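Welcome, and thanks for taking a look. Below is a short briefing to help you find your way around, grouped by topic so that you can follow along in the viewer.

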Amino acid sequence: MKMLINVAETVVADALRGMAAAHPELVVDVENRVIVRRDAPVAGKVGLISGGGSGHEPLHGGFVGPGMLSAACPGEVFTSPVPDQMVRAAAAVDSGAGVLFIVKNYTGDVLNFDMAAELAEDEGVQVGKVLVNDDVAVTDSLYTAGRRGTGATLFVEKIAGAAADEGQPLERVEAVGRQVNENARSFGVALSAVTTPAKGSPTFDLPTGELELGIGIHGEPGRERRAMMTSGEIADFAVGAILDDMTPRNPVLVLVNGMGATPLLELYGFNAEVQRVLAEREVAVARTLVGNYVTSLDMAGASVTLCQVDEELLRLWDAPVSTPGLRWGM
Amino acid sequence: MLDADFFRRWMTATAASVDREAENLTALDSPIGDADHGSNLQRGFTAVTAALEKEQPQTPGAVLILAGRQLISTVGGASGPLYGTLLRRTGKALGDAAEVGAEQLAQALRTGVDAVMALGGAAPGDATMLDALVPAVEALGDGFAAAATAAREGAVATTPMQARKGRASYLGERSIGHQDPGATSSALLVEALVEASDE
């Protein structure tokens, strides 16, 4: 397997050094692995902190900046960050208005952020938390670690970020984040397995002519394997799985997200099919975002996330944002 | 009686064994997880041995508390907090004593395992590290060798189980037929007790 890397052990540090060089508007602490917007702490503003394993870029470091995250904590590849990182981030971005942790529902992320919250609170920082768990492929939480956090993370970070930028207090920003999560659902498919730098070969065997349905973002197989389907059939399946779980009464934000190795040509084509299914199911679309936002290294495939929004959430979604990975209105 | 030297040897032996088995742990993790259990634990235990050398803790409890803190600060994922909590809580239960008996260690480890259960919300039978640790603690009264055998058997016994916690749980029934990487690394930790006591 060929990768554009030096050695597996320094992949994350090397990427952070490169990111620092490309984005002088961010402070990238390579040694301690914290990415902070340069003007933090912003007086009176709630600090938004997210983090998770590396390998999902631009999530989360690429979403640091005005209108979105205040800081991000990248872990090793597909491994959650450690509490020390979040505590450092909290100290850097807290203006006295408190911080909000945005946590994807994976055991490691939850445990490390919980430990960090305790430590940060010991240091006098007020901490709120939003747990993102939007993946409808995980059904029965009695027998699993619960629904994974996937594409909805972007919606939570953007919309809660806009609320924080307006100077809304921690309880409000936290409530907005939770509202977004409660109204968002995702479903993902993989056309190829992931190759992590540490392992150097695909994490599971996925023959040509087959696809995995119901994947997360860590290169693990999904819920079932089927013979390869057309883009239209996949859209029927993915959107169908979401709408089996939610009946939107309001217009939805649509995220058609690439997993890392699927070209935009295919993603746009897939989006056309997603929009067709939504029209057939009489779901109104407010805004659509297509691209590689919540990725899984070199996995081919895509996920669909729908989030139903009222006027207020849509206004916050449309608010200006300026980050390496998402930028509009400013 | 077991002194701080014994506990240092225990941690060093675990680190050596994690080094040896890292690829195997990662291979076990790859069909059901994200193929990094070996490299993550390796990073953590390398930090543990370095910290033990630098800080020279003088009591059994202090050795384990320092080791646990290092794991939490360097491993990440679920393994960092879970293994870190196991060692920290076991160390705290040992208190300030300069030497502890086997019975005290067994009791302290039970406290540590209970803390892991509370933190991760898992129980034996969920295909996690607890399937090695719980039988090991129960067998500890019969000596380290018995505990090591129980841990190894417990790890192997996760193969036919359906994972209910952690990342493997997302696979549902497809997790059946795979030995749990966490239970396997837990067996290494318990087996290292035998190695530490032989010296």
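Chain B holds eight helices and two strands. Please keep in mind that this is a predicted model. Following chain B along its sequence gives the pattern β-α-α-α-α-β-α-α-α-α.

**Chain B as a whole**

- The C-alpha trace of chain B spans about 50 × 30 × 30 Å along its principal axes.
- Chain B has a radius of gyration of 15 Å, which agrees with the value near 16 Å for a compact globule of 199 residues.
- Of the 199 residues in chain B, 58% are buried.
- Ala62(B) is found in helix α3 (residues 60-74) of chain B, and Ala62(B) counts as partly exposed because its relative accessible area is 29%, in between the limits of 20% and 50%.
- Although Ala62(B) and Gly95(B) are 33 residues apart along the chain, their C-alpha atoms are separated by 8.2 Å.

**Aromatic rings**

- Over all chains, the count of aromatic pairs comes to nine.
- One of these is the edge-to-face pair of Phe101(A) and Phe113(A), with 5.2 Å from centre to centre and 65 degrees between the planes.
- This pair links distant parts of the chain, as Phe101(A) belongs to strand β5 (residues 99-104) of chain A and Phe113(A), twelve residues apart from it, to helix α3 (residues 107-122) of chain A.
- Phe101(A) and Phe113(A) are both buried.
- Phe6(B) and Phe7(B) also form an edge-to-face pair, at 5.3 Å centre to centre and 85 degrees between the planes.
- Both Phe6(B) and Phe7(B) are buried, and ring pairs link them with Trp10(B) and Phe144(B) into a cluster.
- Another ring to look at is that of Tyr170(B): the charged end of Arg148(A) sits over it, 4.7 Å from the ring centre.

**Salt bridges**

- The whole structure has 23 salt bridges over all chains.
- Among them is the one between the side chains of Arg147(A) and Asp245(A), at 2.6 Å from N to O.
- That bridge connects distant parts of the chain, 98 residues apart: Arg147(A) is in the loop between β6 (127-132) and α4 (152-165) of chain A, and Asp245(A) is in the loop between α6 (231-243) and β10 (252-258) of chain A.
- With 30% relative accessibility, Asp245(A) counts as partly exposed.
- Glu273(A) and Arg276(A) form a salt bridge whose closest N and O atoms are 2.8 Å apart.
- Both of these residues, Arg276(A) and Glu273(A), lie in helix α7 (residues 264-280) of chain A, three residues apart, or about one turn of the helix.
- Arg276(A) is partly exposed at 29% relative accessibility, and Glu273(A) is partly exposed with a relative accessible area of 24%.
- Arg287(A) and Asp318(A) make a salt bridge too, their closest N and O atoms being 2.6 Å apart.
- Here the link joins distant parts of the chain, 31 residues apart, with Arg287(A) in strand β11 (residues 285-291) and Asp318(A) in helix α8 (residues 311-318) of chain A.
- A relative accessible area of 33% makes Arg287(A) partly exposed, and Asp318(A) is partly exposed with 33% as well.
- Salt bridges with shared partners join Arg37(A), Asp39(A), Lys45(A) and Asp165(A) into one network.

**A patch on the surface**

- Met1(A), Met3(A) and Ile5(A) make a nonpolar surface patch of about 280 Å².
- Met1(A) is placed in the segment before α1 (11-22) of chain A, and Met1(A) counts as exposed because its relative accessibility is 65%, over the 50% limit.

How values were computed: Residues numbered from 1 in each chain as written. Chains lettered and ligands numbered in written order. Predicted model: local features only at pLDDT ≥ 70, side-chain atom pairs only at ≥ 80, totals over all residues. Heavy atoms only, no water. Phe/Tyr/Trp six-rings, centres within 6.5 Å; stacked < 30°, edge-to-face > 60°. Helix = DSSP H or I, 4+ residues; strand = E, 2+ residues; numbered from the N terminus. Buried < 20%, exposed > 50% of the residue type's maximum accessible area, 1.4 Å probe, protein only. Lys NZ or Arg CZ within 6 Å of the ring centre and 35° of its normal. Patch = residues over 30% accessible without salt bridge, like charges linked within 9 Å, V, L, I, M, F, W, Y side chains within 5 Å. Areas by Shrake-Rupley, 256 points an atom, 1.4 Å probe, with all protein chains shown as cover. Salt bridge = Lys/Arg side-chain N within 4 Å of Asp/Glu carboxyl O. Rg over C-alpha atoms; globule rule 2.2 N^0.38 Å.
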